[in-house]
Amino acid sequence: MERQPIRTDAAPKAIGPYEQAIRIDGFVFTAGQIPIDPQTGNFVEGGIAEQTRQVLENLNAVLKAAGSSMDRVVKATVFLKNMADFPAMSEVYAEYLGGAKPARSTVAVAELPKGALVEIDLIALA
C-alpha cells in the first residue's frame, strides 16, 4: 500500500496540515474543498450556486491531478451552512456528478472554514 499525496496548483493550496488528496489502493480521497478561486486565493462572488460550482471545479482539478475524474466518483460528502440551500446546491452538483450518481451524504453544519456556504469532499476510483 503506497500512500501518494496529490498536489496541484489548479486548486487552492491546503490551508492546514493536510494534502489536497491521497491516492491509495486504487482510490482517491480528496480533502474538503471550499469556494476559493485558486488564481486569486479569494472566495468567488455570489451565493450557493456560484460557491458550489467553484468547489466542484476545485475538486475536478484535484481528481485530474490524481489521474481520476468526476465520472469515477463513488462517494460524496456535502457540508452546507444552510439546508435551505440544498436544492440550488444539488442542481449544480448534478451538472458535475449527475452521470456518475455517487453515493452522497449532505449534512447541515453550524460553520465552515472562512465562512463558506458549502464544502464537499469526494472518494473516487483512481
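At what angle do H1 and helix H2 pack, and how far apart are their axes? I would like to begin there, keeping in mind throughout that what we are looking at is a predicted model.

In general, two packed helices are described by the angle between their axes and the distance between the axes. Here, H1 and helix H2, which covers residues 86–97, pack at an angle of about 30 degrees, and their axes are 8 Å apart. Since angles under 35 degrees count as roughly parallel, H1 is therefore roughly parallel to H2. The crossing in which H1 passes H2 is right-handed. On the side of H1, the contact is made by Ile48, Ala49, Thr52, Arg53, Leu56 and Glu57, while H2 brings Ala88, Met89, Val92, Tyr93, Glu95, Tyr96 and Leu97. Sorted by class, the residues in this contact of H1 with H2 are nine nonpolar, one polar and three charged.

Let me stay with one of these residues, threonine 52, which lies in helix H1. Is threonine 52 buried or exposed? Its relative accessibility is 0%, and because buried means under 20%, threonine 52 counts as buried. Leaving aside residues up to four places away in sequence, threonine 52 touches Met89, Val92 and Tyr93, and also Val118 and Ile120. With tyrosine 93 we can add a distance, for the C-alpha atoms of threonine 52 and tyrosine 93 are separated by 7.2 Å although the two residues are 41 residues apart along the chain. Within its own helix, the side chain of threonine 52 reaches the backbone oxygen of isoleucine 48 at 2.8 Å.

Turning to the other helix, the buried residues in H2 are Met89, Ser90, Val92, Tyr93, Tyr96 and Leu97. What do these buried residues of H2 pack against? They pack against H1, and also against S4, S5 and S6.

That brings us to strand S4, where leucine 80 has its place. Leucine 80 has 0% relative accessibility and so counts as buried. Beyond residues up to four places away in sequence, leucine 80 touches a long list of partners, among them Ile48, Phe86, Met89, Val107, Leu112 and Val118. For another view of where leucine 80 sits, its C-alpha atom is separated by 20 Å from that of glutamine 20, which is 60 residues away along the chain.

Which loop holds serine 68? Serine 68 sits in the loop between helix H1, residues 48–65, and strand S4, residues 73–80. Although it belongs to a loop, serine 68 is buried, with a relative accessible area of 10%. A polar atom of the serine 68 side chain lies 2.5 Å from the backbone oxygen of leucine 125. Leucine 125 is also one of the residues that serine 68 touches, together with Val28, Leu63, Ala124 and Ala126, when residues up to four places away in sequence are not counted.

I will finish with two lysines. Lysine 101, in the loop between H2 and strand S5, has a positive phi of about 45 degrees although it is not a glycine. Lysine 114, found in the loop between S5 and strand S6, likewise has a positive phi, of about 60 degrees, and is not a glycine either. As for accessibility, exposed means over 50%, so lysine 101 counts as exposed at 70%, and lysine 114 counts as exposed at 60%.

Notes: Residues numbered from 1 in each chain as written. Predicted model: local features only at pLDDT ≥ 70, side-chain atom pairs only at ≥ 80, totals over all residues. Heavy atoms only, no water. Helix = DSSP H or I, 4+ residues; strand = E, 2+ residues; numbered from the N terminus. Buried < 20%, exposed > 50% of the residue type's maximum accessible area, 1.4 Å probe, protein only. Polar contact = N/O pair within 3.5 Å; in protein donor to acceptor, adjacent residues only side chain to side chain. Contact = heavy atoms within 4.5 Å. Axes fitted to C-alpha atoms, helices over the stretch in contact; angles between N-to-C directions. Parallel < 35°, antiparallel > 145°, perpendicular 65-115°, else oblique. Left-handed = near helix turned anticlockwise from the far one by under 90°. Nonpolar A, V, L, I, M, F, W, Y, C, P; charged D, E, K, R; others polar.
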